[in-house]
Amino acid sequence: MAIQHTYDVVVIGGGHAGIEAALATSRMGLRTCLVTQNLQTIGQMSCNPAIGGLAKGQLVKEIDALGGEMGRLADLATVQFRMLNRSKGPAVWSPRAQCDRVLYAREARKILDSQRNLDLKQNTIIDFETTGGRLSACIAHSGQRIECRAAVLCAGTFLNGLLHMGDWQLPGGRIGEAPSLGLSEMLMKQGFEVGRLKTGTPPRLDGRTINYSVCEHQPGDGRIIPFSVRSPKAVYDQLSCHLTYTNTKTHDILRDGLHRSPLFSGRITGRGPRYCPSIEDKIVRFSDKDRHQIFLEPEGWDTFEVYMNGFSSSLPEDVQFEALRTVPGLEDTEMMRPGYAVEYDFFPAHQLHYSLETKVIEGLFFAGQINGTTGYEEAAAQGLIAGVNAAQKLNGGNSLILGRDQAYIGVLIDDLITKTPDEPYRMFTSRAEHRLILRQDNADQRLTEIGRELGLVTDQQYDGYLEKKQKLNQITALLHDTRLDELAESGLLSDPKLKGSRFSAILKRPEADLTSMLKDSPQLARKVEEELDEDLIAAVEMDVKYEGYIARERQRADQVRRWEEVKLPVDIDLWAVHSMSHEAREKINHFKPKTLGQAGRISGVRPSDTSALLIHMKKLGHL
């Protein structure tokens, strides 16, 4: 007789999406079971052991503000920290941490093991039971039946996963791990549309065989800025990364091996990530380039293994090895593991509501790479939202749906649902039209109240948020209310023309910065009365210096939000809207957006189409 268990929520998959989903539901009071194929690989970083980066760092900060764990795990495992885009405006500054792969996974497992309301089980889910169109149980490969009221599927690259390296093929979700078979076929029978994507990973090198003296040294920042407001603000030791380059000899070897590449022979059918192409794809697409950057990044404190960032490949192992040994510094290196590609099934996200619940099976939520994304951060963000909304559904609350002006998470989910990418989606700052109000430094100010209402933000985190908010408001008001009466002995504040000016007006000057002003002006320093944290100074400076731009940004966001409030009737006859394009009618019928704003963001729907639809709705009396 099959073993039977009963839970409120089952989370399927122990990757970054599954971790956040399971923690969210259990912390919101629901009995949760996380089922994964291998309990030893929970929290594993399948590719580069790094968290954050351009726009991804903003996602991690937002996860933390809502009460998620990725930021705290990254802080515990950091081996090098850098704030990217420092040379540009603060709207696009992005934190990035190179992490210790083993330490990150170990800390993730510890947090899951200690979480109340959460059980971990090693098994493979192959089927779902429904009652009246609503999920009622998950069926495991072993025959185990797990009754539940909701489930979050976070299968990563494991659904019908297939590994490629030259002529070599092997079923798998990643090297050394079996794929998940049968679940995709079952979901297709239920009416789901399934597609195929591809991702890849580069070789890992033995750091003891690398000649770093001919590579460019890439140190971390002098000070680590934690992702999480719950992490101690201390300076840690850091490991160095290094930079080197491919050359024409490297490219010649790779080019000669293209006929053995599954990417060019047709054996790989899934679309790969545009912004993280394999090295063989680079030399074809950018044939005018005679070199490409290669970052040599350590995988942890207690290993010599080095990640070869920029050299992802599915070429045969011998071609990879011959080519990488032409790279400066790698002439005598040894390859610990070759690169490979993995193909896997995904489900285009237009089949989801904005809560990430599927439209086909009530109570079933999707999160992570099966929605068409790539990257740990995108997966974790979706896992958190899916977990929260599964709990909200069962607890009778409203779904958490973040707007594009509230969070990068909102941009991510909206893009997935309205634009339905046909290649692995990666978050960039350029995808967000409200970058100035979605900075990495103000994620807590935007989202902590929401996390608190959900019960995910602890008392300690919330008290820290309130203290920071109070200081921000006090110092900002002080700068607006105080005029320069005492000229400084040197520097900007020694200029007599500035006497009588408000400090906020002076701070708006391009050459002004708050740190120097506090140092040069005894008058201002006396008013502040305390030594300010560097992060707090930066946040105040950005809010004051760019307040005019921020106000205009919020005004534009309010205008856009009004379109979001215009609900589209479920039974509206789009063919009666005569001035709407044929493509717009087809796309809106297919994706079924709930609001006029969502309809306007669908690829192929023009502003004139949404205007025509608005006029038609007014004629029918819907507005």
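**Packing of helices H6 and H9 and the associated sheet**

In this predicted model, helices H6 and H9 are roughly antiparallel to each other, because their axes cross at roughly 170 degrees and an angle over 145 degrees is counted as roughly antiparallel. The two helices comprise residues 248–256 in the case of H6 and residues 317–324 in the case of H9, and their axes come within 8 Å. On the H6 side the contact involves Thr250, Ile253 and Leu254, which meet Val319, Glu322 and Ala323 of H9. Classified by residue type, this contact of H6 with H9 has 4 nonpolar, 1 polar and 1 charged residues.

The pattern of burial along H6 can be described in similar terms. Thr250, His251, Ile253 and Leu254 of this helix are buried, and, because they cover an arc of only 160 degrees around the axis, they are placed on the same side of H6. Lys249 and Asp256, by contrast, are exposed on the other side of H6. The elements that cover the buried residues of H6 include H9 and also helix H8, which spans residues 279–285.

H9 is in turn associated with strands, since the helix lies across strand S15 (204–206), strand S19 (305–309) and S20, with a direction at about 140 degrees to that of S20. These three strands belong to an open sheet of 6 strands, in which the order is S16-S17-S18-S19-S15-S20 and the pairing is antiparallel. The edges of the sheet are formed by strand S16 (216–218) and strand S20 (335–337), each of which pairs on one side only. From one strand to the next, the twist averages 35 degrees.

Within this sheet, strand S17 (residues 241–245) and strand S18 (residues 293–298) run antiparallel and are joined by 4 bridges. In the register of this pair, Thr244 stands opposite Ile294 in S18.

A further antiparallel pair is found in strand S12 (residues 162–165) and strand S13 (residues 168–171), which are likewise joined by 4 bridges. Leu162 stands opposite Pro171 in S13. S12 and S13 form a hairpin with 2 residues between them, and in the turn Gly166 adopts a positive phi of about 65 degrees.

Notes
Residues numbered from 1 in each chain as written. Predicted model: local features only at pLDDT ≥ 70, side-chain atom pairs only at ≥ 80, totals over all residues. Heavy atoms only, no water. Axes fitted to C-alpha atoms, helices over the stretch in contact; angles between N-to-C directions. Parallel < 35°, antiparallel > 145°, perpendicular 65-115°, else oblique. Contact = heavy atoms within 4.5 Å. Nonpolar A, V, L, I, M, F, W, Y, C, P; charged D, E, K, R; others polar. Pairing = 2+ DSSP bridges. Buried < 20%, exposed > 50% of the residue type's maximum accessible area, 1.4 Å probe, protein only. Arc of directions from axis to C-beta.
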